[in-house]
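Grab your viewer and work through a few exercises on this fold. Each one has a task, then a solution taken step by step.

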Amino acid sequence: MEIEVLLLGSRGVGKSCLLESKFIQTYTPTIGVDFIIMRRLKSILKVWDTTGDSRFRSLLEPYFKRADVIVICFSSRASFEKIRDWLDLCNRWTLKPVPIILLATKCDASPREVSAQEAITEASDLGMRYVECSSFNDTGRHRLWQTIEEVHVPPKPRVIPKPEIRPTWCCFQ
Ligand SMILES: Nc1nc2c(ncn2[C@@H]2O[C@H](COP(=O)(O)OP(=O)(O)O)[C@@H](O)[C@H]2O)c(=O)[nH]1
Ligand SMILES: [Mg+2]
């Protein structure tokens, strides 16, 4: 099963770090869109890691159209307040109902700018699953990949109609 995943969220929330095997301290902004393939036991996750820079927003439209699952990431209060803007884009640009996960990143931070309780309430108000993680201490990422597999709705197999079989007997035999 192949799942196309679109990672969204403001600049610097930690989207690209999620996809690294080792934590990277220095910040290298993503230009446009990066792509990564993750082979898992049950699935192949094809992850589009996008820039949070609003100057490149229109560039992202085709990736919404092909996404099977969308992950909206936040860490700071400012990025939390952008969640509904990302949702508006999902409503505008997706072509089918796409499950959306709200991901709280950098959960190692103390104190957190947005409490887990507030984020869980927001996710439930907006009809999203909620996951939290930290790339710094490597927690929650496995849960995220699992949740993506759980919420993904596999496409219905196309049913090819059987050709009508007419009897070929002959009445003289
Ligand atoms: N403390 C902490 N810092 C993180 C975490 N994930 C990413 N960062 C830092 O946040 C900055 C931005 O990360 P990046 O993944 O490039 O953000 P992106 O713009 O959303 O792709 C980098 O300096 C990372 O080291 C995390 O889980 N905990
Ligand atoms: Mg990035």
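Let's warm up with one residue pair: Ile37 has Lys46 of β3 as its bridge partner. Keep in mind that this is a predicted model.

**Exercise 1. Work out the strand order of the sheet, and find its edge strands.**

Solution.
- Start from the pair you just saw: β2 and β3 run antiparallel to each other, joined over 7 bridges.
- Now extend to the whole sheet, which is open, has 6 strands and reads β2-β3-β1-β4-β5-β6, with mixed pairing.
- The strands that pair on one side only are β2 (33–39) and β6, and that makes them the edges.
- From one strand to the next, the twist averages 25 degrees.

**Exercise 2. Describe how α5 and α6 sit against that sheet.**

Solution.
- Take α5 to begin with: it packs on the sheet and touches β5 and β6. Its direction makes about 155 degrees with that of β6.
- Then turn to α6, which lies across β1, β2, β3, β4, β5 and β6. Relative to β6, α6 runs at about 165 degrees.

**Exercise 3. Find which element gives the largest share of the largest nonpolar core.**

Solution.
- The core has 33 residues, and the members touching the most others are Val5, Val69, Ile70, Val71, Ile72, Ile101 and Leu103.
- Next, list the elements giving two or more residues to this core: β1 (2–9), β3 (44–50), β4 (69–74), β5 (100–104), α5 (116–125) and α6 (141–151).
- The winner is β4, with 6 residues.
- For a close-up, pick Val69 and skip its neighbours within four places in sequence: its contacts are Ile3, Val5, Val98, Pro99, Ile101, Ile148, Val151 and His152.

**Exercise 4. Go through the surroundings of ligand 1 and say which residues come nearest.**

Solution.
- There are 22 residues around ligand 1, and Gly14, Lys15, Ser16, Cys17 and Phe136 come nearest.
- Sorted by class, this shell holds 7 nonpolar, 11 polar and 4 charged residues.
- Helix α1 (residues 15–18) contributes the most, with 3 residues.

**Exercise 5. Lys106 and Asp138 both have a positive phi. Which is buried and which is partly exposed?**

Solution.
- Lys106 sits in the loop between β5 and α5, and its phi is about 55 degrees although it is not a glycine.
- Count the other C-beta atoms within 10 Å of Lys106: there are 21, so Lys106 is buried, the cut-off being 20 or more.
- Asp138 belongs to the loop between β6 (129–132) and α6. It isn't a glycine either, and its phi is about 50 degrees.
- The same kind of count gives 13 for Asp138, so this residue is partly exposed.
- While you're in the loop between β5 and α5, look at Pro111, which is placed there too. The peptide bond from Ser110 to Pro111 is cis, with omega near 0 degrees.

**Exercise 6. Place Asp85, decide why it counts as partly exposed, and check its separation from Gly9.**

Solution.
- Asp85 is part of helix α4 (residues 83–93).
- It has 13 C-beta neighbours inside 10 Å; because that lies between the cut-offs of 12 or fewer for exposed and 20 or more for buried, Asp85 counts as partly exposed.
- Finally, Gly9 is 76 residues away from Asp85 along the chain, yet their C-alpha atoms are separated by 9.8 Å.

Definitions and conventions: Residues numbered from 1 in each chain as written. Chains lettered and ligands numbered in written order. Predicted model: local features only at pLDDT ≥ 70, side-chain atom pairs only at ≥ 80, totals over all residues. Near = placed C-beta within 6 Å. Helix = DSSP H or I, 4+ residues; strand = E, 2+ residues; numbered from the N terminus. Nonpolar A, V, L, I, M, F, W, Y, C, P; charged D, E, K, R; others polar. Core = buried A, V, L, I, M, F, W, Y, C linked by C-beta atoms within 7 Å. Contact = placed C-beta atoms within 7 Å. Pairing = 2+ DSSP bridges. Axes fitted to C-alpha atoms, helices over the stretch in contact; angles between N-to-C directions.
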